[in-house]
Amino acid sequence: MRHLQSKAALFAALLATAAIPSTFAETVIPTLPQIAAHRGGTADAPENTLEAIRLAVSNRADIMWLTVQLSQDGVPVLYRPADLAVLSDVSGPVAARTAKDLSQVNVGWTFKGSKGDYPYRKQPVGVPTLSQALHALPANMPVILDLKALPAEPLALAVAKVLDEEQAWSRVTLYSTEVAFQQAFASYPKARMFESRDATRTRLAKVALNAGCDAPPNQPIWAGFELKRKLKVVEQFTLGEGVSDVNATMWTPNAVACFRKHAPVKIVAIAVNDADAYRQAACLGIDVVLSDSPKQMTAIRDGIPSKLQCNG
């Protein structure tokens with residue numbers, strides 16, 4: 001049995017040691033990672049609202065990441081959870097209400113301020129449409145739309161209609177954890193998509209396991225995954241399975257090199273919310289970090305020296 005050492009345990013060991021530095025060197029970072037406001041900056045204001053967008057712009061976010069669902073009357077609106085009760089003073093799915101009704105829902109109801117209070121219960125903020133959000137943004141600000149609601153085809157059609165009307169295709173990139181949206185937007189020549197999360201995850205896992213660089217992108221594309229991610233690694237046995245819980249560092253120097261082996265891939269590190277994580281992303285040459293608080297992260301970026309201590 002001794003020779004049957006679990007692949008899951010090996011995976012855990014490899015991932016646990018991936019970020020351990022051996023030597024350090026002063027490194028000049030020519031371009032620090034851009035900051036994308038996650039759902040408009042979910043830590044600074046009620047997420048996916050015009051208020052969050054306004055604050056993220058004033059806090060000098062570089063990119064706006066917004067979550068899109070479809071209202072009952074077929075209008076793309078900004079909201080993430082499956083139930084309105086998670087953030088608002090009403091319950092039920094977004095798809096059960098019209099865009100006009102959603103604009104009257106207070107999605108700032110559960111937002112807790114820095115003093116432990118609920119400031120938006122007296123200053124209601126509704127669910128905006130995608131069109132309203134695009135109008136509220138500077139014309140030159142890039143936007144990443146995270147597509148949530150299935151089936152994919154109706155949402156893709158409605159989003160494409162808005163992007164046509166607003167002439168916004170050139171500044172919008174489309175992301176989803178659902179591979180169905182890759183297929184839904186395949187017929188739109190102007191659509192710029194992240195590669196599928198499944199493809200990104202598989203490649204990252206193989207790099208971490210020293211299984212080689214699997215099918216790196218051969219053309220410019222965006223790829224996004226968490227900088228660090230809690231994973232369950234499952235090994236199948238003949239009569240059972242073994243499970244290892246791993247706190248994995250997903251983006252490493254080898255992973256970044258793999259993704260950019262054949263093409264200038266734009267890499268987004270998701271869930272970068274403190275100074276150490278931002279410095280790590282900068283040393284890796286990550287293009288964009290997705291952060292909950294643009295206010296905090298721009299202050300961190302402003303404090304980064306021209307030379308960083310990076311792993312040698």
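In this predicted model, R60 is partly exposed, with a relative accessible area of 42%. This arginine forms a salt bridge with D302, and the closest N and O atoms of the two side chains are 2.5 Å apart. The pair links distant parts of the chain, since R60 is in the loop between α2 and β3 whereas D302 belongs to helix α10 (residues 294–302), 242 residues away in sequence. In general terms, side chains of opposite charge can pair when their charged atoms come close.

The structure holds 14 salt bridges, and further examples differ in their setting. D245 forms a salt bridge with K232, with 2.8 Å between the closest N and O atoms. Here, too, distant parts of the chain are linked, for D245 is in strand β9 (residues 240–249) and K232 in strand β8 (residues 228–237), 13 residues apart. D245 is exposed at a relative accessible area of 59%, and K232 is likewise exposed, at 61%. D276 and R279 form a salt bridge in which the closest N and O atoms are 3.6 Å apart. Because D276 and R279 are 3 residues apart in helix α9 (residues 275–284), about one helical turn separates them. Of these two residues, D276 counts as exposed, with a relative accessibility of 60%, while R279 is partly exposed, with a relative accessible area of 34%. In addition, R197, E226 and R229 are joined into one network by salt bridges that share partners.

The description now turns to strand β5 and its surroundings. Strand β5 covers residues 143–147, and 5 of its 5 residues are buried, so the strand is largely enclosed by the rest of the structure. V143, L145 and L147 point one way from β5, whereas I144 and D146 point the other way, and all of these residues are buried. The general rule behind such a pattern is that in a regular strand the side chains alternate between the two faces of the sheet.

Strand β5 pairs with strand β3 (residues 63–70) in the parallel sense over 5 bridges, and within this pairing the bridge partner of V68 is L147 of β5. Strand β5 is also joined by 4 bridges to strand β6 (residues 172–175), and these two strands run parallel; V143 stands opposite V172 of β6. Together with helix α5 (residues 152–165), strands β5 and β6 make a right-handed β-α-β unit.

The loops of this unit contain two backbone features of note. In the loop between β5 and α5 lies P151, and the peptide bond that leads from L150 to P151 is cis, with omega near 5 degrees. In the loop between α5 and β6 lies Q167, which has a positive phi of about 50 degrees although it is not a glycine. Q167 is exposed, with a relative accessible area of 71%. Elsewhere in the chain, A215 has a positive phi of about 45 degrees and is not a glycine either; this alanine lies in the loop between α7 (197–208) and β7 (222–226) and is exposed, at a relative accessible area of 53%. As background to these cases, most residues other than glycine have a negative phi, and most peptide bonds are trans.

The largest nonpolar core has 35 residues, of which L66, L145, L147, V159, L174 and F185 touch the most other members. Two or more residues are given to this core by each of α2 (50–58), β3, α4 (130–136), β5, α5, β6 and α6 (180–184), and the largest share, 8 residues, comes from α5. Not counting residues up to four places away in sequence, F185 touches L147, A156, V159, W169, L174, A191 and M193. A second, separate core of 32 residues includes L227, W251, A277 and Y278.

Confidence in the prediction varies along the chain. The mean pLDDT of the chain is 92, and 92% of its residues reach 70 or more. Over residues 1–11, however, pLDDT stays under 50, and the model has 10 contacts beyond four places in sequence for this stretch. Over residues 16–22 pLDDT again stays under 50, with 6 contacts beyond four places in sequence. Where pLDDT is low, the predicted coordinates should not be read in detail.

Terms used:
Residues numbered from 1 in each chain as written. Predicted model: local features only at pLDDT ≥ 70, side-chain atom pairs only at ≥ 80, totals over all residues. Heavy atoms only, no water. Buried < 20%, exposed > 50% of the residue type's maximum accessible area, 1.4 Å probe, protein only. Pairing = 2+ DSSP bridges. Right-handed = clockwise from strand over helix to strand, strands pointing away. pLDDT = per-residue confidence, 0-100. Contact = heavy atoms within 4.5 Å. Core = buried A, V, L, I, M, F, W, Y, C linked by side-chain atoms within 4.5 Å. Salt bridge = Lys/Arg side-chain N within 4 Å of Asp/Glu carboxyl O.
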